[in-house]
Amino acid sequence: MTDISDIIDILDLGAVGLNFQPDYTSFSIRLTKVIYLILIIDDVYDLYASLEVLKLFTNAVDRWDVGETGQLPDCMKICFQVLYNTTCEIAHEIEEENGWNLVLPHLSKVWADFCKALLLEAEWYSSGYIPSLEEYLSNGCISSSASVLLVHTFFSTTHRDQPTEEIADFWHKNEDFVNNISLIVRLTNDLATYQAEQERGDAPSAILCYMREMNVSEDIAETKIIGMIDKAWKKINGKCLRTPQVPFLSPFINLPQILR
């Protein structure tokens, strides 16, 4: 069994690995907090709560309202309060550093999307439903947590001299880029954990979804998934070659490597 100190070291190194420049020390601290929250919330949806409780928790995150936690167990009230306080603190720090405002709605929305995706996976598991590969990935790219990390990374590493209109328009203009990073994170994780998760009876993976949908063997499904990862990397590399002067692309590209 892995010692908890080893896990902490991995988390800290992962945060530093996304952007190792000394100027980004505060970013590494913030991202470590985000990674801990992702791990805790993921376990809540995978292992701890009933569907009814998960729906209540998801609603509270979606509304971003502590007042919506009244019917939750005490431990999940604490979980939401920590998520709420930490995210508000991070948003405030970013706004203070860069002279921006309205960072919090971006951060809270990505947490809400993450929780909604985890809830859907919990519902699939509860009902025994196996989605198509397309349906699985549409949700799985969000539940991979890549978008949560990318949004926090973007706002934490984009300096005050970055035009406000460019910041607001970034996700729209780079949706394919973000989606491909999220896809790599999801598929790489599925390849690494597929067999262990199947033994535990966990929710469907990309490999199982493709096997069931196309009625093919595990080897063929793995080959398909590896091909999808390679294709996504080619698209990311093409984007970087076309826009080599965009400084905030670097930590984004590091994300799939850190989470492998």
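Colleague: What makes this chain one of helices, and how many strands does it have?

Modeller: The predicted model has 12 helices and zero strands. A helix here is a DSSP run of H or I with at least four residues, and helix α10, at residues 206–214, is one of them. From the N terminus on, the elements run α-α-α-α-α-α-α-α-α-α-α-α.

Colleague: How do you know which element has the lowest confidence and which the highest?

Modeller: On the pLDDT scale from 0 to 100, helix α1 (residues 4–18) has the lowest mean, 43, and helix α3 (residues 51–63) the highest, 97. Over residues 1–17 the pLDDT is below 50, and beyond near neighbours in sequence this stretch has 16 contacts in the model. For the chain, the mean pLDDT is 82, and 77% of the residues reach 70 or more.

Colleague: Why are Ala206 and Ile207 of helix α10 called buried?

Modeller: The term requires a relative accessible area under 20%. Ala206, Ile207, Leu208, Cys209, Tyr210 and Met211 of α10 are buried, and therefore each falls under that cut-off. Of the 260 residues of the chain, 46% count as buried.

Colleague: What do the buried residues of α10 pack against?

Modeller: Their partners are α6 (133–143), α9 (175–200) and α11 (218–242). Just after α10, Asn215 takes a positive phi of about 55°.

Colleague: What share of the contacts with a separation of 6 or more joins residues 24 or more positions apart?

Modeller: Such pairs account for 68% of those contacts; a contact requires heavy atoms within 4.5 Å.

Conventions:
Residues numbered from 1 in each chain as written. Predicted model: local features only at pLDDT ≥ 70, side-chain atom pairs only at ≥ 80, totals over all residues. Heavy atoms only, no water. pLDDT = per-residue confidence, 0-100. Helix = DSSP H or I, 4+ residues; strand = E, 2+ residues; numbered from the N terminus. Buried < 20%, exposed > 50% of the residue type's maximum accessible area, 1.4 Å probe, protein only.
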